[in-house]
Amino acid sequence: MQGGAELFDALYQFFLIAGNSFLEAVGPERRPPRELWTLRPDRMTVIPGPRGLPRAYRFSVGGEHLDFSVDPLTGQAAVLHIKLFHSLNDWYGMSPLEAAAYSIDQHNEAGRWNTALLQNSARPSGALVYAPKGGGQEVLSDTQREALKAELRAFSQGGANAGEVPVFEGGLEWREMSLSPKDMDWLAGKDMSAREIALAYNVPPQLVGIEGSLTFANFEQARLSLYEDAVLPLLDMVTDELNNWLVPAFGDDLSLDFDRDEIPALAPRRAKVWARIGAANFLTPNEKRALVGLAPLPAGVDVAPAAQAPDKPSEAVTPVG
C-alpha cells in the first residue's frame with residue numbers, strides 16, 4: 001500500500017511536525033517483519049514503566065485501543081519510537097513547532113492582515129462623515145447607518161465595481177484615508193517570523209523566499225548548510241534507530257546506511273575532499289580509495305607512491321685526475 005519513499009516521507013513528516021514518529025513492524029514473532037507501518041503520533045500514547053522504560057505503546061482510534069508490549073529489560077517492542085530531545089518530558093519529544101509557536105502565530109496574523117488589506121484595496125479606503133446642514137439630525141440612527149453601509153458595500157465591492165465614483169447627498173462627505181508607514185510594517189514582521197520558523201528547523205532563511213536574502217552567490221552555500229545542519233543529522237538519527245531496532249532481525253553483521261555521494265547539494269564539498277586526497281602523494285592508491293569509500297584494488301596493484309623528483313637537477317661531479 002506504500003512505497004519506500006512514501007513511507008519515509010510520512011515518517012519524517014510526523015517527526016518534524018510532532019517531534020515524535022512511530023513505526024510498527026508486522027510479521028511473525030522472532031522473525032524479520034513483513035510490513036512496516038507509520039502510526040499517527042496523535043493516536044499513540046506511551047504508557048510509562050517503573051524503571052525508565054515504557055511499559056507499552058497504546059494506539060487508539062474510534063474509541064478502541066491496541067497495546068504493544070515492551071520488553072522490560074531490553075526495551076524492544078514491535079513499535080519503534082523516534083523522538084526529539086525534550087528537557088521536561090521523559091516519554092515524548094518536543095516538536096520544533098513548540099519552539100516557533102509565537103513566530104507561527106505572528107506569521108498567520110500577518111497573513112490575515114494582508115488578506116484583509118487586499119480585500120479593501122490594500123488600504124482603508126476612507127470614511128463617510130455625516131455633517132448635517134441646516135439643523136438636521138446630528139447622529140444617524142442604527143437603521144440608517146446599517147442601510148448606508150449595505151448600500152456602499154453593494155456599490156463598491158467586487159471587480160466589476162472597481163474604480164466606480166460614489167455619489168452622496170444629504171450631508172454626507174467622503175474622506176480618503178491611508179495607512180501610515182508604521183502600520184504598513186506588517187511585511188517586515190512577516191519576514192522576521194518566517195525567518196524564526198525556518199531557524200527552528202535549521203533551515204537557512206535564504207531558502208524560504210525572504211525578499212532580498214537570496215542571491216546566486218549564497219544559494220549554493222545555503223543548500224549545503226541545509227543538508228549539513230538539518231537533513232544529514234535527521235538521516236543519521238533515523239538510520240541509527242533502524243540499525244538498532246530493525247536490522248538485527250535480518251541477520252548479524254548487517255548495517256543500514258544511505259549514500260551521501262548521491263546527494264547533489266554535497267557535490268562541492270565532495271569535490272574538495274577528492275581533490276585534497278588526490279593531491280596527497282604520500283598515500284598509496286588503496287589508502288586513497290579507502291578514504292573515499294571505494295573497494296581496494298586487487299593484490300599487487302597497490303604500490304607505494306613514487307618518490308618526488310628534486311626541484312633542481314643535481315650538479316655533476318667532476319672526477320679528480
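How many bridges join strand 1 (residues 20-26) to strand 6? Five bridges join the two strands, which run antiparallel. The model is a predicted one, in which local features require pLDDT of at least 70 and side-chain atom pairs count only at pLDDT 80 or more, while totals for chains, interfaces and linings use all residues. Residues are numbered from 1 along each chain as its sequence is written, and side-chain values use heavy atoms, with hydrogens and water left out. Helices (H or I, at least four residues) and strands (E, at least two) are DSSP runs numbered from the N terminus, and two strands are taken as paired if DSSP finds at least two bridges between them.

Strand 1 and strand 6 belong to an open sheet of three strands, with the order 2-1-6 and antiparallel pairing. Strand 2 (35-39) and strand 6 (79-83) are the edge strands; each has a single partner strand, so one side of each lacks a neighbour in the sheet. On average, neighbouring strands of this sheet are turned by 20° against each other, direction ignored. Axes here are lines fitted to C-alpha atoms, for helices over the stretch in contact, and angles run from 0 to 180 degrees between N-to-C directions. Within the pairing of strand 1 and strand 6, Ser21 has Ile82 of strand 6 as its bridge partner. Helix 1 (residues 4-18) lies across strand 1, strand 2 and strand 6, and runs at about 145° to strand 1.

The other open sheet described here has three strands in the order 3-4-5, again with antiparallel pairing. Its edges are strand 3 and strand 5, each with a single partner strand, so one side of each is left without a neighbour in the sheet. From one strand to the next, the twist averages 25°. Strand 3 (residues 44-48) is joined to strand 4 (residues 54-61) by five bridges, and Met44 has Phe59 in strand 4 as its bridge partner. Five residues lie between the strands in the hairpin of strand 3 and strand 4, where Gly52 takes a positive phi near 90°. Strand 4 is joined to strand 5 by six bridges. In strand 5, His65 is the bridge partner of Ser60, and Asp67 is that of Arg58. The hairpin of strand 4 and strand 5 has two residues between the strands, and Gly62 in the turn has a positive phi of about 60°.

A nonpolar core is a set of buried Ala, Val, Leu, Ile, Met, Phe, Trp, Tyr and Cys residues joined through side-chain atoms within 4.5 Å. Buried means under 20% relative accessible area, exposed over 50%, and partly exposed in between (1.4 Å probe, protein chains only). The largest nonpolar core has 20 residues, and Leu23, Val238 and Leu242 have the most contacts inside it. Helix 1, strand 6 and helix 6 each supply at least two residues of this core, with helix 6 giving the most, eight residues. Beyond its neighbours within four places in sequence, Leu242 is in contact (heavy atoms within 4.5 Å) with Phe8, Leu23, Leu80, Val247 and Leu256. A second, separate core of 11 residues includes Leu39, Met44, Ala77 and Val79.

Pro264 lies in the loop between helix 6 (216-245) and helix 7 (267-278). Pro264 counts as exposed because its relative accessibility is 59%. The C-alpha atoms of Pro264 and Arg223 are separated by 9.7 Å, with the two residues 41 residues apart along the chain.
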